[in-house]
Amino acid sequence: MAADDYLFIKRNSGNTGFEEVLRPGAPVSIQTVADDAARFALTAGSGAGQAQAGDLVAVTATGNYYVVVDTDNLDTEAGYCALPPAGPAIVVVRQGTASELATIILESGELGYTTDTKQVLVGDGVTPGGNSVVPEVSISPATLTLIVAASDAVTGFGLTAIPDNWQNDASTLKGLSIGSSVTSIGDNSFSNCSGFTGSLSIPDSVLSIGSHAFYLCDGFTGNLTIGNSVTTIGSDAFAYCSGFTGTLTLGNSITEIGVRAFRECSGFAGSLRIPDSVLSIEEFAFGVAGFTGNLTIGNSVTAIGSYAFYLCAGFTGSLTLGNSVTTIGDAAFGSCSGFAGSLTIGNSVTAIGLLAFQGCAGFTGNLTLGNSVTTIGDAAFDSCGGFTGNLRIGDSVETIGEEAFYGCFGFSGDLTIPSSVTSMGYQAFFNCSGITNVICRTPLTVIGSSNCLYGTGVLTIHVLSTDASWTAGGGQEIAGREGVTVIKDLT
């Protein structure tokens, strides 16, 4: 639909009626009739008692104003679009329909439309006056940036649900304000609109944000706020929006954060809180994003997908995992080197994926593994050299992957391996040089060929007194470590 298919009707300064219709490329007539009977008696044409599409009709008896939208139905309401009796300075009507009505709220004193430049200056879509003007926006519905909500008026050229692909690749757009009547934002609706600037706020009325909705909108700066009614954020919804430099605030109704939803939003600052409403964080959801503070994951999250926070190296505080997490995907926190303090894997977690915390060298306290973990993936804690204290493998662990704790040289004292372990990966504790003593309740056959103690500082291994696979005595080579003394004193 071209710009010429839309009418811009300007109110008078007293807000008591309309004084001008702006329509590119066509003359406009403003007529006054006595009553509705006279209005329905109009015929199509340009003479006396006649009207053309786009003409403004004022009815003296009622004080109402109408725009002619269909000259074939001038004798019924279907031929007219009724204008609100009061409200914003400019009303926009699409020719050919009596149902699609939108309003633009203007900065106080702005004309809002000029025939020479064919541009509309729009405010924030909330209140007349005092709005943040978005300059030089084309009036064409194909490029208009504002979606508005005025009282109960229909929003954004008749849209309450922003459709799929609505402004896809409209790189000339300069600003966006989403009004409080919009309930959904469709797939690819603003994808690759790289001209947007400033912060973005998704209002509380919005329930869902589709996949690729704001993909590659890298011109946004400042904060991103997701309203409190949004339940789902689709895949790639904000992927590669690298221009944001402020905080990311997630509303408290979100249940799912889609695959790559915020991938490479590298400019975000501050802490990130995943609200308690969220059930799953999908693969690469925040991969290679910014952030400079703590990460808190809410108590309803059950699954953290692979690479969910991969290379979020800017986190500088603690990492808090909610009490409902059951799986931590491959490389979920890989190379998040800025985390500090201790790390507790809760009792609900059953599986820790390969590379899950690889390169998280900033942790400086204890590592506590919950009692439900059954699998620790390959290189899960590779190069986490900052962990200190003893290392106790939980009583439910069955499999420890290859190089699972490779290079965790900060551990000191005891390594405890429970009887539940049935598979030990090659060089699982390679270069854990601070470990000097092992409390092992598994048979020698489980760890013997794994070379898992190579590069450790192990001097003694305490084993079950009844386990015939072990031989007590010193000077033994056990799992790649020479000069080890085996003591059979566990019951």
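The largest nonpolar core of this structure has 104 residues, and those with the most contacts inside it are Phe214, Phe286, Phe309, Phe333, Phe357, Phe381 and Phe405. The model is a predicted one, and the description below should be read with that in mind. Apart from the largest core lies another core, of nine residues, which includes Ala51, Val57, Val59 and Val68.

**The open sheet of 12 strands**

An open sheet is formed by 12 strands, which follow the order β14-β16-β18-β20-β22-β24-β26-β28-β30-β32-β34-β36 with parallel pairing. Its edge strands are β14 (161-162) and β36 (423-424), each of which pairs on one side only. One pairing within this sheet can be followed residue by residue: strand β16 (residues 184-185) and strand β18 (residues 208-209) are joined in the parallel sense over two bridges, and Ile185 stands opposite Ile209 in β18.

**Aromatic pairs and the phenylalanines**

How many aromatic pairs are there in the model? The count comes to 30. A pair of aromatic rings is described by the distance of the centres and the angle of the planes. Two of the pairs are set out in the table.

| Pair | Distance of ring centres | Angle of planes | Class |
|---|---|---|---|
| Phe315 and Phe339 | 5.4 Å | 10 degrees | stacked |
| Phe333 and Phe357 | 5.2 Å | 10 degrees | stacked |

Why does the pair of Phe315 and Phe339 tie together parts that are 24 residues apart in sequence? Phe315 belongs to the loop between β26 (303-304) and β27 (319-320), whereas Phe339 belongs to the loop between β28 (327-328) and β29 (343-345), and the pair therefore links these two parts of the chain. Phe315 is buried, because its relative accessible area is 0%, under the cut-off of 20%; Phe339 counts as buried with a relative accessibility of 1%.

For the other pair, Phe333 lies in the loop between β28 and β29 and Phe357 in the loop between β30 (351-352) and β31 (367-369), so that parts 24 residues apart in sequence are tied together here too. Phe333 is buried, with a relative accessible area of 0%, and Phe357 likewise counts as buried at 0% relative accessibility. Both Phe333 and Phe357 are listed among the residues with the most contacts inside the largest nonpolar core. Leaving out residues up to four places away in sequence, Phe357 touches Leu319, Ile328, Phe333, Leu343, Ile345, Ile352, Phe363, Ala380, Phe381, Asp382 and Cys384.

**Charges over rings, and Ser306**

The charged end of Arg263 sits over the ring of Phe284, at 4.0 Å from its centre, while the charged end of Arg39 sits over the ring of Tyr66, at 3.7 Å from its centre. Phe284 is also one of the contacts of Ser306, which, when neighbours within four places in sequence are left aside, is in contact with Glu283, Phe284, Gly329 and Asp330. Ser306 lies in the loop between β26 and β27. Is Ser306 buried or exposed? Its relative accessibility is 19%, and Ser306 therefore counts as buried, the cut-off being under 20%.

**The open sheet of four strands**

Another part of the model holds an open sheet of four strands in the order β3-β6-β7-β8, and here the pairing is mixed. At its edges are β3 (30-33) and β8 (80-82), each pairing on one side only, and the twist from one strand to the next averages 30 degrees. Strand β3 runs parallel to strand β6 (residues 56-59), and four bridges join them; in β6, Leu56 is the bridge partner of Ile30 and Val57 that of Gln31. Val57 is also among the members of the core of nine residues. The side chains alternate along β3, in that Gln31 and Val33 point to one face and are buried, while Ile30 and Thr32 point to the other face and are not.

**The hairpin of β39 and β40**

Further along the chain, strand β39 (residues 473-478) and strand β40 (residues 481-490) run antiparallel and are joined by three bridges, with Gln476 standing opposite Val484 in β40. The hairpin that β39 and β40 make has two residues between the strands, and in it Ala479 takes a positive phi near 50 degrees.

Note on methods:
Residues are numbered from 1 along each chain as its sequence is written. This is a predicted model: local features need pLDDT of at least 70, side-chain atom pairs count only at pLDDT 80 or more; totals for chains, interfaces and linings use all residues. Side-chain values use heavy atoms; hydrogens and water are left out. Two strands pair if DSSP finds at least two bridges between them. Axes are lines fitted to C-alpha atoms, for helices over the stretch in contact, and angles run from 0 to 180 degrees between N-to-C directions. Buried means under 20% relative accessible area, exposed over 50%, partly exposed in between (1.4 Å probe, protein chains only). Rings of Phe, Tyr and Trp (its six-membered ring) pair if their centres lie within 6.5 Å; planes under 30 degrees apart count as stacked, over 60 as edge-to-face and the rest as tilted. A charge sits over a ring if NZ of Lys or CZ of Arg is within 6 Å of the ring centre and within 35 degrees of the ring normal. Contact means heavy atoms within 4.5 Å. A nonpolar core is a set of buried Ala, Val, Leu, Ile, Met, Phe, Trp, Tyr and Cys residues joined through side-chain atoms within 4.5 Å.
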